[in-house]
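Visitor: Could you take me through this model step by step, with the reasoning behind each value?

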Amino acid sequence: MNHLTPETFDANARAALTDTQLRGALRKATALFGKRRLEAAQSLDNWEELRSKARAIKDETLLHLDQYLEEFTANAEAAGAQIHWARDAVEANRIVCRLARERKARLVVKSKSMATEEIHLNAALEAEGIEALETDLGEYIIQLAGETPSHIIAPAIHKTKDQIAQLFVAKLGIAPTDDIATLTITARRVLREKFAAADIGITGVNFGVAETGTILILENEGNIRLTTSLPGTHIAIMGIEKIIPRFADLEVFLKLLTRSGTGQHLTAYQSLITGTKRSREDEGPDELHIILLDNGRSRMLAHPTTRQSLACIRCGACLNACPVYQQIGGHAYGSVYPGPIGAVITPQLFGLAKAAQLPYASSLCGACREVCPVKIDIPELLLYLRAEITESSRQEAEGRRQEQVVTPRRLEGFTFKLWAAIMTRPRWYELSGRVARVLQRFIVRRNRIGKVGGLIGRIAPPLAAWTDARDLRPIESKSFREQWRQRGSSPTVREGAWINVADDK
Ligand code: SF4
């Protein structure tokens with residue numbers, strides 16, 4: 001299991017650069033995706049117009065997100081879905097685990113979903129003793145390997161065919177082979193049994209249509225069809241930014257998403273799900289739960305620059321185009337969201353302090369902006385976040401400086417208060433003299449401090465500054481009062497008036 005974090009991005013990237021096998025796999029895959037994307041985009045004569053349209057739809061939706069979410073909720077509920085709101089990952093996991101517990105679920109089948117990766121749902125389910133099995137082939141491979149995805153749409157992009165074959169031999173006990181058909185048939189055999197036995201199916205969502213309450217999930221393997229129709233309960237986890245206003249808007253996004261991601265004109269399957277099944281004879285689950293996940297998205301919504309991060313449709317094109325990602329792959333980012341979009345989303349989702357190195361993981365060449373189907377200005381976002389990081393470091397340094405000034409002031413204030421308390425209480429004053437004499441003896445002996453001409457030349461911190469530029473007159477071995485008492489007369493001390501008595505001598 002790779003446990004890389006965004007905090008150690010520099011070190012992660014250096015390590016990845018020494019991995020020649022990884023770099024070879026990345027070079028091959030990103031070049032292929034890039035070429036296919038270009039061909040697919042050129043197959044449409046209104047590509048740029050579609051990009052502008054998609055961005056305009058996203059901008060309008062994000063500006064009125066609250067209204068569209070309400071509309072989506074009302075329509076989805078009217079169709080039989082149950083809507084849950086999750087402020088953060090903990091809440092989302094709690095909802096899923098509660099639903100699973102209530103249904104006494106032991107096995108959950110999952111389709112590929114970045115949102116569930118983001119909230120670490122598998123770990124939460126496993127902590128409840130529930131097996132969560134990934135059913136997308138790429139996700140299944142990395143789950144077998146105990147790794148995390150390294151690409152938004154191709155989770156096992158960093159693995160070669162040989163590595164996958166060895167993994168299947170080791171984990172599934174098949175005879176050694178490098179035949180791709182044999183490997184996929186093996187995975188299918190294992191997964192089909194699990195689909196049949198699963199209690200709950202969990203998916204992500206590509207788009208949620210406010211107008212109809214429909215969710216759309218795209219895939220190429222048919223595993224989502226099985227995940228959403230065989231188990232009795234379907235739970236869909238959807239980031240709140242996945243909303244689009246109208247059903248007709250799907251036409252724009254469907255043309256852009258797959259062309260940008262894999263170069264396909266359309267994915268093999270598109271599952272449009274509106275509520276639960278209408279009659280017992282229909283296919284599909286009895287219950288549909290949709291969890292609307294915020295987890296930091298509202299923060300991004302608040303500022304016009306960061307808001308555009310929420311326009312992302314997770315096509316992965318910016319990863320394939322990025323010269324940094326092409327060299328180091330996804331794991332180095334230490335986040336579920338790698339590449340250029342990861343470098344802007346991760347610090348916003350998980351905090352600048354945790355991912356301050358990521359906005360610098362870019363040459364600002366602009367390749368990501370060029371390929372983004374929704375025209376997200378990633379270089380602008382990177383610069384915005386860099387400015388935020390610089391500003392927060394400046395404020396931190398200023399805070400430290402203030403603290404350094406404030407601490408001596410506080411110490412000074414405390415010292416004078418103590419001094420005043422002692423000087424206005426004769427008994428305290430006398431006692432403090434005794435204590436000081438004992439301490440002086442101890443300190444002088446312990447530090448072998450020499451007295452020069454009857455003066456102390458150096459004392460230890462925190463009072464060392466006193467003797468930096470002057471000698472210290474030692475405290476007399478007997479106080480004035482003790483000397484006075486020895487002479488046989490005791491001063492009659494009134495509280496707060498001893499100086500007058502002493503002056504009387
Ligand atoms: S930022 Fe743009 S290119 Fe990158 S994943 Fe999102 S939509 Fe695709």
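Guide: What follows is a set of questions and answers on a predicted model.

Visitor: Is the chain compact or spread out, judged by the globule rule, and what is its radius of gyration?
Guide: The secondary structure of this chain comes to 23 helices and 12 strands. For 505 residues the globule rule gives 23 Å, and the chain lies well over that figure, so it is more spread out than a compact globule. Taken along the principal axes, the C-alpha atoms fill a box of roughly 115 × 50 × 50 Å. The radius of gyration itself is 34 Å.

Visitor: What share of the contacts between residues at least 6 apart in sequence joins residues at least 24 apart?
Guide: Of the 505 residues in the chain, 48% count as buried. Where contacts between residues at least 6 apart in sequence are considered, the share that joins residues at least 24 apart is 72%.

Visitor: How far apart are the mean positions of the positive and negative charges of the chain?
Guide: The accessible surface of the chain comes to about 25,900 Å², and carbon and sulfur atoms account for 54% of that area. As for charges, the chain holds 67 positive and 59 negative ones. The separation between the mean positions of these two sets is 11 Å.

Visitor: Is histidine 84 buried or exposed?
Guide: Histidine 84 belongs to strand β1, which covers residues 82-86. Beyond its neighbours within four places in sequence, histidine 84 has contacts that include Ile95, Arg98 and Leu99, as well as His289, Ile290, Ile291 and Leu292. Its relative accessibility is 12%, and since the cut-off for this class is under 20%, histidine 84 counts as buried.

Visitor: Which residue meets aspartate 377 in a salt bridge?
Guide: By the distance rule used here, the count comes to 27 salt bridges. Aspartate 377 is partly exposed at a relative accessible area of 21%, and its partner is also classed as partly exposed, at 33% relative accessibility. The N to O distance between the two side chains is 3.0 Å, and the partner is arginine 369.

Visitor: In which helix do arginine 394 and glutamate 391 both lie?
Guide: The side chains of arginine 394 and glutamate 391 meet in a salt bridge with an N to O distance of 2.9 Å. Arginine 394 is partly exposed at 46% relative accessibility, and glutamate 391 is partly exposed with a relative accessible area of 33%. The two residues are 3 apart in sequence, about one turn of the helix, and the helix that holds them, residues 378-423, is α19.

Visitor: What is the N to O distance in the salt bridge of arginine 401 and glutamate 398?
Guide: Arginine 401 and glutamate 398 both lie in helix α19, at a spacing of 3 residues, or about one turn of the helix. Arginine 401 is partly exposed with a relative accessible area of 45%, while glutamate 398 is partly exposed at 32%. For the salt bridge between their side chains, the N to O distance is 3.4 Å.

Visitor: What distance separates the C-alpha atoms of glutamate 380 and glycine 366?
Guide: Glutamate 380 lies in helix α19 and is partly exposed at 37% relative accessibility. Leaving aside neighbours within four places in sequence, glutamate 380 is in contact with Thr305 and Gln308. Glycine 366 is 14 residues away from glutamate 380 along the chain, and the separation of their C-alpha atoms is 9.4 Å.

Visitor: What is the relative accessible area of arginine 297?
Guide: Arginine 297 is found in helix α13, which covers residues 297-301. Not counting residues up to four places away in sequence, arginine 297 touches a set of residues that includes Glu118, Glu241, Arg314 and Tyr337. Arginine 297 is classed as buried, and its relative accessible area is 2%.

Visitor: Is arginine 314 buried or exposed?
Guide: Arginine 314 lies in the loop between α14 (304-307) and α15 (317-321). Although arginine 314 is not a glycine, it has a positive phi of about 55°. At a relative accessibility of 11%, arginine 314 counts as buried.

Visitor: Is lysine 104 buried or exposed?
Guide: Lysine 104 has its place in the loop between α5 (89-102) and β2 (107-110). Its phi is positive, at about 50°, although lysine 104 is not a glycine. With a relative accessibility of 68%, against a cut-off of over 50% for this class, lysine 104 counts as exposed.

Definitions and conventions:
Residues numbered from 1 in each chain as written. Predicted model: local features only at pLDDT ≥ 70, side-chain atom pairs only at ≥ 80, totals over all residues. Heavy atoms only, no water. Helix = DSSP H or I, 4+ residues; strand = E, 2+ residues; numbered from the N terminus. Rg over C-alpha atoms; globule rule 2.2 N^0.38 Å. Buried < 20%, exposed > 50% of the residue type's maximum accessible area, 1.4 Å probe, protein only. Contact = heavy atoms within 4.5 Å. Areas by Shrake-Rupley, 256 points an atom, 1.4 Å probe, with all protein chains shown as cover. Lys, Arg positive; Asp, Glu negative; His and termini not counted. Charge placed at Lys NZ, Arg CZ, Asp CG, Glu CD. Salt bridge = Lys/Arg side-chain N within 4 Å of Asp/Glu carboxyl O.
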